[in-house]
Amino acid sequence: MEREPLVDGHGRLIADLRVSVTDRCNFRCQYCMPAEGLPWLERDAVLGFDEITRVVALLSTMGVHHVRLTGGEPLVRKDFPRLVGMLSTIQDLRDLAITTNGFLLERDADALVAAGATRFNVSIDSLQRHRFHELTRRDSLDQVLAGLAKLAAVPGVGPVKVNAVALRGFTEEELPAFVALARTSGYQVRFIEFMPLDADHAWTRDQVLRGAELHAMIDSLHPLVPLEREASATARVYRFADGQGQIGFINSVSEPFCGDCNRIRLTADGRLRTCLFSLHETDLREPLRAGADDDELEQIVRDAVWRKELKHHIGEPGFIQPARTMSAIGG
Ligand code: SAM
Ligand code: SF4
């Protein structure tokens, strides 16, 4: 049944949902999790596959046609391909994307594509083994690259993007290798500005390597030509002028794209978040488990979305970092 489109109090249509399927992770990236991990959610606090599917199906009838599954690390969730299969039967979805650190892709790539995953983002911050180890606290670059290669070889796989968090004093040295990857592999490589969602609350603005700086460095090596930016796209995408590959910049801190943000998020414990930096969440798990019908759930979602934040306030006086880290929100 088709419902009214989902719209916020600033007139933005909501079309994109990020679902965190677990808060757990097999990596400990320095900008995301502390070395010792975090207190994980109890098993019964986490939404079950039927509950996730019900929320996604309902939202899809309100115009939320793009769904990305993330975490934590989504592939550590038991039977994850089965969830992908359940979601891919929802008629109104246009795409079903996955963001992963790639560690388990060698095992799961075939099953995920077969289950209906249409796009993949694989996060890789360094193409040098020791630096990858330093940043993720796991000596796993070879495993991740093997997973990426396995994924790319699956017949019928959709677009694969490689995402790197851009950190001043770290990422500069990675540029030649990432540029070479973008120019030779067919993966779109994208740099994401470091955001204040780290567990250690150690973020400072001067650690953000801005997209404009990266663009200038890359452009001086290989000239870049901008591609038209799709409305609501997070990335500014360029192609190399000689036609070999694409590169993108997600400048969330230096050039926020809140004005046309069409995204909402569902945490693993069933909280709806209307912004990465929300200080307020709306519980869907309790009404789901108390037997709320779709009309009641719809109203709860609409009320929450109506209050969606106009923009984030990173760098402004009074900015408060959310209690949840990126891993617990679902990036
Ligand atoms: N574990 C999966 C992965 O790493 O791809 C999915 C979850 S992870 C939270 C999603 C994305 O958020 C990754 O690309 C990661 O690099 C990014 N991320 C995590 N913490 C971040 C931060 N503080 N600033 C910017 N991006 C961050
Ligand atoms: Fe895990 Fe992804 Fe966070 Fe790294 S960025 S610790 S892989 S959730």
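A residue counts as buried when its relative accessible area is under 20%. The legends below refer to a predicted model.

**View 1. Ser278 in the loop between β11 and β12.** Ser278 sits between strands β11 (271–273) and β12 (282–283). With a relative accessible area of 2%, Ser278 is buried. Its side chain reaches the backbone nitrogen of Cys275 at 2.9 Å.

**View 2. The edge-to-face pair of Phe178 and Phe191.** The structure holds 6 aromatic pairs. In the one shown here, the ring centres of Phe178 and Phe191 are 5.8 Å apart and the ring planes stand at 90 degrees, so the pair is edge-to-face; planes over 60 degrees apart count as such. Phe178 belongs to helix α6 (residues 175–185) and Phe191 to strand β6 (residues 188–193), so that distant parts of the chain, 13 residues apart, are linked by the pair. Phe178 and Phe191 are both buried.

**View 3. The edge-to-face pair of Tyr238 and Phe249.** The centres of these two rings, Tyr238 and Phe249, lie 5.7 Å apart with the planes at 75 degrees, so this pair is edge-to-face. Tyr238 is in strand β8 (residues 236–240) and Phe249 in strand β9 (residues 246–250); the pair therefore ties together parts that are 11 residues apart in sequence. Tyr238 has 16% relative accessibility and counts as buried. Phe249 is buried as well, with a relative accessible area of 2%. Ring pairs join Tyr238 and Phe249 with Phe178 and Phe191 in a cluster.

**View 4. Arginine side chains over phenylalanine rings.** Arg131 lies over the face of Phe170, at 4.0 Å from the ring centre. Arg183 lies over the face of Phe240, where the distance to the ring centre is 5.0 Å.

**View 5. The surroundings of ligand 1.** There are 17 residues around ligand 1, and those that come nearest are Tyr31, Gly72, Glu73, Ser123 and Met195. Polar backbone atoms of two residues are marked by their distances to a nitrogen atom of the ligand: 3.1 Å for Tyr31 and 2.9 Å for Met195. An oxygen atom of ligand 1 is 2.5 Å from an N or O atom in the side chain of Ser123. Taken alone, ligand 1 exposes 540 Å², of which the protein buries 95%. Strands β3 (95–100) and β6 are the elements that give two or more residues to the shell. By class, the shell around ligand 1 divides into 7 nonpolar, 8 polar and 2 charged residues.

**View 6. The surroundings of ligand 2.** The residues around ligand 2 include the cysteines Cys25, Cys29 and Cys32. Phe27, Tyr31, Met33, Gly72, Asn101 and Ser327 complete the list. The shell around ligand 2 has 6 nonpolar and 3 polar residues, and no charged residues. Tyr31 and Gly72 also appear among the residues that come nearest to ligand 1.

**View 7. Asn262 in the loop between β9 and β10.** Asn262 lies in the loop that precedes strand β10 (263–266) and follows β9. Its relative accessible area is 10%, so Asn262 is buried. The C-alpha atom of Asn262 is separated by 36 Å from that of Asp142, and the two residues are 120 residues apart along the chain.

How values were computed: Residues numbered from 1 in each chain as written. Chains lettered and ligands numbered in written order. Predicted model: local features only at pLDDT ≥ 70, side-chain atom pairs only at ≥ 80, totals over all residues. Heavy atoms only, no water. Phe/Tyr/Trp six-rings, centres within 6.5 Å; stacked < 30°, edge-to-face > 60°. Helix = DSSP H or I, 4+ residues; strand = E, 2+ residues; numbered from the N terminus. Buried < 20%, exposed > 50% of the residue type's maximum accessible area, 1.4 Å probe, protein only. Lys NZ or Arg CZ within 6 Å of the ring centre and 35° of its normal. Near = heavy atom within 4 Å. Polar contact = N/O pair within 3.5 Å; in protein donor to acceptor, adjacent residues only side chain to side chain. Areas by Shrake-Rupley, 256 points an atom, 1.4 Å probe, with all protein chains shown as cover. Nonpolar A, V, L, I, M, F, W, Y, C, P; charged D, E, K, R; others polar.
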